[in-house]
Amino acid sequence: MSVVIDPAFDPVPSLEHAPRVSVSAEVPADPQAVAVFVASEGALPAELDGLDRDALAAAGFSGAKHQTLILPGAPLRVLVGTGASGIENDAQLRDAVAAFTRAAKESGRIAVDLTGLLLDTGAEGEDADPWDAGVAAQAAIEGAALARYRYDALKSDPKTVALEELSLRLGEEHVAAAESGIERGLVLARTAAIARDVANTPPRHLSAEKFADVIEALAPGFGLETEVFDRQALMELGAGGLLGVNAGSVEEPRMIKISYRPADPEGHLALIGKGIMYDSGGISLKPSNAMHAAMKFDMMGAAAVFASMTALRDLGVGTAVTGWLMCTDNMPSGSATKLGDVLTIRGGKTVEVKNTDAEGRLVMADGLVLATEDASVSGRRPDAIVDIATLTGAAMMALGTRTAAVLANDDSIAEQLQAAADATDENIWRFPLDHRYRDQLKSNVADLSNIGGQYAGVILAGLFLNEFVDGVPWGHLDIAGTMQSESDDLWRSTGSTGFGARLLAEFAAAFEAPEAR
Ligand code: BES
Ligand code: MN
Ligand code: ZN
């Protein structure tokens, strides 16, 4: 390539740094900033000696949710509003710690006092208790680390002050439980940061080939095995969807298979990720608008699968997991797939391409079929398949930027995905797999068309993918709306959100095979 790119460029800079986290009943030694949670009603915390509501109101601080006010001094005291109800669950704690960390942006050593929050903990062993100290510690770490995340790998003079140390204070009786949440919190924060790093990387810096190289280099360090399929290998597999989307590109495609194989696995889960390194739309070229400019993020599904798998060993996951990353860019050129061309997907089904911008489902189809064929773990098909893709603008139109769409052919998978969404505060909403729309995917010349009518775009894309799962219990996440944040928003930083990476890690960690069908 004739474009200058530093050969030493590192697409995953977040791996170079992790904060120190301590939990203790003692007041932390010398933080530069401490959080003081202040509800909008009720008595003020004792730390605010001398200040009353009127004084705070004069400074513009009412205690409304996520409001912050910095009181100078050493350490800085950062008031964080928690609204009328205070902090009631781990999602709200993650948000509040994120608001604090953003306000204290010049401070490398920060402290959060959880003693007040954890006062109400119920009896030991009640795992439904939202105030399990381990869960609270995990949420606090995720909130702090992810709020401090910033993509500055390509800035000559990055200004971000790294998070060096997070001190959590809580009652003596909670210290042991909280310690168990530290590792989880650090692992999951790292997981999301890995996904953000690779998704934020510009498309020229991270071709499909480079992505495969990066994953091959990093995988052994996370206890993962990889197998990379180049164009030749994909031709031998008959992966006509991935090859057809790649046809217009000067870059080679890559399918990256990642395996996590614990001893005596309890089950086998397959994860498929859409890895469109850049989606121009192909011959059905996108207009040059802000949405098009965001299409380096079109590999967020693949990023989330890879990133989630970096957590599996460290979380002690007992399920075998196989990741299939379907990677290429989608480009127009003299060799590009044309409208009316027919592609043969792995396994033999044919698809008429009526819009080259509906490319995600084409690459995913090959991945789904390969996953259904994979008997390498148990001698039979995987227990479940989950795919994740920035698939349709329709998902964004329907649910906006904070909630992803989920479709499933199996209630247990949908419920387990919902539980992971609740744990991570990566929200999802289930859409129906309404087979009455299936006729819209008929083609005059092939088995299927890659687009249907104008409406129900999320469902049509789901119905298309459903043609390739062969009845295996399956869930599909459409993360088109949630892949990026246009501004810093609590623990979501500008750019890639990393959405799906923590969700899939938590899902795999808690995975139970649906009843054999
Ligand atoms: N990658 C896009 C979907 C997308 C849109 C992701 C906006 C994130 C934000 C996908 O490949 C696409 O172009 N989908 C088309 C499908 C249509 C042609 C049936 C779309 O949604 O317009
Ligand atoms: Mn597209
Ligand atoms: Zn796309």
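Leaving aside residues up to four places away in sequence, Ala 137 touches Leu 168 and Ala 178, contact meaning heavy atoms within 4.5 Å. This comes from a predicted model, where local features need pLDDT of at least 70, side-chain atom pairs count only at pLDDT 80 or more, and totals for chains, interfaces and linings use all residues. Residues are numbered from 1 along each chain as its sequence is written, chains are lettered from A and ligands numbered from 1 in the order in which they are written, and side-chain values use heavy atoms, with hydrogens and water left out.

Ala 137 sits in helix α3 (residues 133-148); helices here are DSSP runs of H or I with at least four residues, strands are runs of E with at least two, and both are numbered from the N terminus. With 0% relative accessibility, Ala 137 counts as buried (under 20% relative accessible area, against over 50% for exposed and in between for partly exposed, using a 1.4 Å probe and protein chains only). Its C-alpha atom is 28 Å from that of Pro 220, 83 residues apart along the chain.

Helix α2 (residues 90-103) is another enclosed element: 13 of its 14 residues are buried, so the rest of the structure largely encloses it. From first C-alpha to last, α2 reaches 20 Å, close to the 20 Å expected at 1.5 Å a residue (1.5 Å times one less than the number of residues). Where α2 starts, a side-chain oxygen of Asn 89 comes to within 3.2 Å of the backbone nitrogen of Ala 91.

Ser 308, in helix α9 (residues 300-309), is buried too, at 1% relative accessibility. Its side chain reaches the backbone oxygen of Val 305 at 2.8 Å. Beyond residues up to four places away in sequence, Ser 308 touches Thr 191, Leu 271, Ala 501, Leu 504 and Ala 505.

Now to the metals. The zinc ion (ligand 3) takes its protein donors from Lys 274 (NZ), Asp 279 (OD), Asp 298 (OD) and Glu 359 (OE), at 2.0 to 2.4 Å. Donors are N, O and S atoms within 2.8 Å of the metal (3.2 Å for Na, K and Ca), and sites may look incomplete because water is not among the atoms. Six donor atoms surround the zinc ion (ligand 3) with angles of 77 to 171°, which makes the arrangement octahedral; for six donors that label requires opposite donors over 155 degrees apart and all others between 65 and 115. Along the chain, the zinc donors follow the spacing K-x4-D-x18-D-x60-E. Lys 274 lies in strand β9 and Glu 359 in the loop between β12 and α10, so this pair ties together parts 85 residues apart in sequence. Lys 274 and Glu 359 are buried.

For the manganese ion (ligand 2), the protein donors are Asp 279 (OD), Asp 357 (O), Asp 357 (OD) and Glu 359 (OE), lying 2.0 to 2.2 Å away. Its six donor atoms make angles of 71 to 167°, and the site is irregular. The two ions lie 3.2 Å apart, bridged by Asp 279.

Finally, β11, β12 and β16 form an open three-stranded sheet in that order, with mixed pairing. The edge strands, β11 (342-344) and β16 (448-449), each pair on one side only. Pairing requires at least two DSSP bridges between strands, and β12 and β16 pair in the parallel sense over two bridges. Opposite Leu 448 in β16 stands Val 351.

Note on methods
Tetrahedral: all angles 85-135°; square planar, octahedral: opposite > 155°, others 65-115°. Polar contact = N/O pair within 3.5 Å; in protein donor to acceptor, adjacent residues only side chain to side chain.
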